[in-house]
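Student: I would like to learn how to read a model like this one, feature by feature. Where do we begin?

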Amino acid sequence: MDVAIIKYNAGNIRSVDYALRRLGVTPLITADKKMLSKADKIIFPGVGEAFTTMRFLHEEGLADFIRGLRQPVLGICLGMQLMCRHSEEGDVDCLGIFDADVRRFVPQKHEEKVPHMGWNTLNNVKSPLLDASLEGQFVYFVHSYYVPVCEHTIATTGYIHPFSAALQKDNFFATQFHPEKSGSVGERILQHFLTL
Amino acid sequence: MKNEEFSLAKRIIPCLDIKDGKTVKGVNFVNFRDAGDPVELGAAYSRAGADELVYLDITASHEGRKTFTELVRQVAAHISIPFTVGGGIHELQDVDRLLNAGADKVSINSAAIRNPKLIDEIAGHFGSQVCVVAIDANQENEDWICYLNGGRIPTDKQLFSWAREAADRGAGEILFTSMTHDGVKTGYANEALARLSDELPIPIIASGGAGQMEHFRDAFVQGKADAALAASVFHFGEIKIDELKLYLQREGINVRL
């Protein structure tokens, strides 16, 4: 099976690469649309800033390309947020795959610090990506913006208020958390994605 | 839908000092192939339930630095939890090199005191979440004085104002080591920790003073810390991370199990 990681200036490409290798898969890391098209699975990673990254995706012709993908796609963290309609980070229009907007966390209490950083639980899990055994399991988050719970939500997490920990629409999957940094639980989720 | 409470877990972080690619502090693990191997040790901590790891490069030489970068690559390749690296970071290029090697965060200490703008630069280029500002401070009369070079050189900076400045400049977390408590094993500097936590909008990592499991509970409850770091109690097996987390859970603290 060919797995490709969309290459752009995302901070966690190396971590995703390593995590897949630990599962016995050596991914192709490329921004070449022809190469990406041939892959069975595509991962759209992301650590960075929404506005700059969207500009890059438009410049490279990757925005329309990602929207048109037919194989299973997994967006991670910023990757997930960019698959939404619009982000408050840089007030930028995104890919519009998920019908949801990305908002900034507004703390209600002092101990609710932003970014939301650390291990938190998956709740209300659904779909082939997240099986029932993952309910209540801890995964690793680092983010200041979130996607509200919406029709595409396949897992929620509570921080300040419930938000979307994962999304799915058709062949598009996405996680706000970092499966590549979530220990054995994260490995199970990546494994699920690889077997979809 | 399930009613979710505030469920972000308190973090337990073992710290490994590295010299020339090897763990420095004596390590007293049984059933361990190579206690000096930082990757093996980190993996063991990860299996035991550590939430993050810190690797601190205490090598001074240029050669040692290259060895450390290679080690960071190995850690990233083998360990599936987040890790922070520190030591020998003076400029943006160092940060870039270490993040490229696979580190999730960098910790800066003396370099930030000497050149506070480095915090703005790291936050601006890579985001606040990668920028941990480590502060070594000693309680002297009523004041907490910040120190340089691993606690050898006093500065004119005070803990609370410097931590505030670091947060304002874009630090993502403060790692506060109390030199007063470090090595004494009578607990963390909970009063100072609580004040940092109350005053700052970013997570606080407690460091220095852990000797018993109760000390971790106190750092979270009295000290309001978001994470607690320790070295020797873990390395010497005096406290096992899996047992510590079960203890903390029994004490009503939200930890990842």
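Student: Which residue in β13(A) does Leu74(A) stand opposite?

Tutor: This is a predicted model, so we are reading computed geometry. To find a partner, look across from one strand to its neighbour. Leu74(A) stands opposite Phe173(A) in β13(A). The two strands, β4(A) and β13 (residues 172-175), run parallel and are joined by 4 bridges.

Student: What pairs with β4(A) through Phe44(A), and in which sense, parallel or antiparallel?

Tutor: The strand is β3(A), which pairs with β4(A) in the parallel sense over 3 bridges. The bridge partner of Phe44(A) in β4(A) is Gly75(A).

Student: Which way do the residues of β4(A) point, and are they buried or exposed?

Tutor: Sort them by direction. Val73(A) and Gly75(A) point one way, while Leu74(A) and Ile76(A) point the other way. All four of these residues are buried.

Student: What is the strand order of the open sheet in chain A?

Tutor: Read from one edge to the other, the 7 strands go β2-β1-β3-β4-β13-β12-β11, with mixed pairing. At the edges are β2 (28-30) and β11 (153-159); each has a single partner strand, so one side of each lacks a neighbour in the sheet. On average, neighbouring strands of this sheet are turned by 25° against each other, direction ignored.

Student: How does the edge strand β11(A) pair with β12(A), parallel or antiparallel?

Tutor: Antiparallel: 6 bridges join β11(A) to β12(A), which covers residues 161-169. One case is Ala155(A), whose bridge partner in β12(A) is Ala166(A).

Student: Which strands does helix α1 of chain A lie across?

Tutor: Helix α1(A), residues 13-22, lies across β1 (3-6), β2, β3 (41-44) and β4 (73-76) of chain A. Its direction is at about 170° to β1(A).

Student: How many residues does each chain bring to the contact between chains A and B?

Tutor: Count each side on its own. Chain A gives 27 residues and chain B gives 28. On the side of chain A, at least two residues each come from α1, β8 (116-121), β9 (138-143), β11 and α6 (183-194). The largest share, 6 residues, is that of β8(A). Sorted by class, this side of chain A holds 10 nonpolar, 12 polar and 5 charged residues.

Student: Why does the end-to-end distance of α2(B) agree with its length?

Tutor: Compare the expected span with the model. Helix α2(B) has 17 residues (62-78), which at 1.5 Å a residue should span 24 Å; the end C-alpha atoms are 25 Å apart, and this agrees.

Student: Which residues of α2(B) are buried, and which on the other side are exposed?

Tutor: Phe68(B), Leu71(B), Val72(B), Val75(B) and Ala76(B) are buried. Viewed down the axis of α2(B), the buried residues fall within an arc of 135°, so they line one face of the helix. On the other side, Glu63(B) and Glu70(B) are exposed. The cover over the buried residues of α2(B) includes α1 of chain A, as well as β1 (11-19), α1 (38-48), β3 (53-57), β4 (83-86) and α3 (92-101) of chain B.

Student: Why does Gly87(B) count as buried?

Tutor: Count its neighbours. Gly87(B) has 27 C-beta neighbours inside 10 Å, so it counts as buried. This residue sits in the loop between β4 and α3 of chain B. Leaving aside neighbours within four places in sequence, Gly87(B) is in contact with Leu56(B), Asp57(B) and Ile58(B).

Definitions and conventions:
Residues are numbered from 1 along each chain as its sequence is written. Chains are lettered from A and ligands numbered from 1 in the order in which they are written. This is a predicted model: local features need pLDDT of at least 70, side-chain atom pairs count only at pLDDT 80 or more; totals for chains, interfaces and linings use all residues. Two strands pair if DSSP finds at least two bridges between them. Axes are lines fitted to C-alpha atoms, for helices over the stretch in contact, and angles run from 0 to 180 degrees between N-to-C directions. Two residues are in contact if their C-beta atoms, placed from the backbone, lie within 7 Å. Ala, Val, Leu, Ile, Met, Phe, Trp, Tyr, Cys and Pro count as nonpolar, Asp, Glu, Lys and Arg as charged, and the others, Gly among them, as polar. A residue is buried if 20 or more other C-beta atoms lie within 10 Å of its own, exposed if 12 or fewer, and partly exposed in between; C-beta atoms are placed from the backbone. The expected span of a helix is 1.5 Å times one less than its number of residues. The arc is that of the directions from the helix axis to the C-beta atoms.
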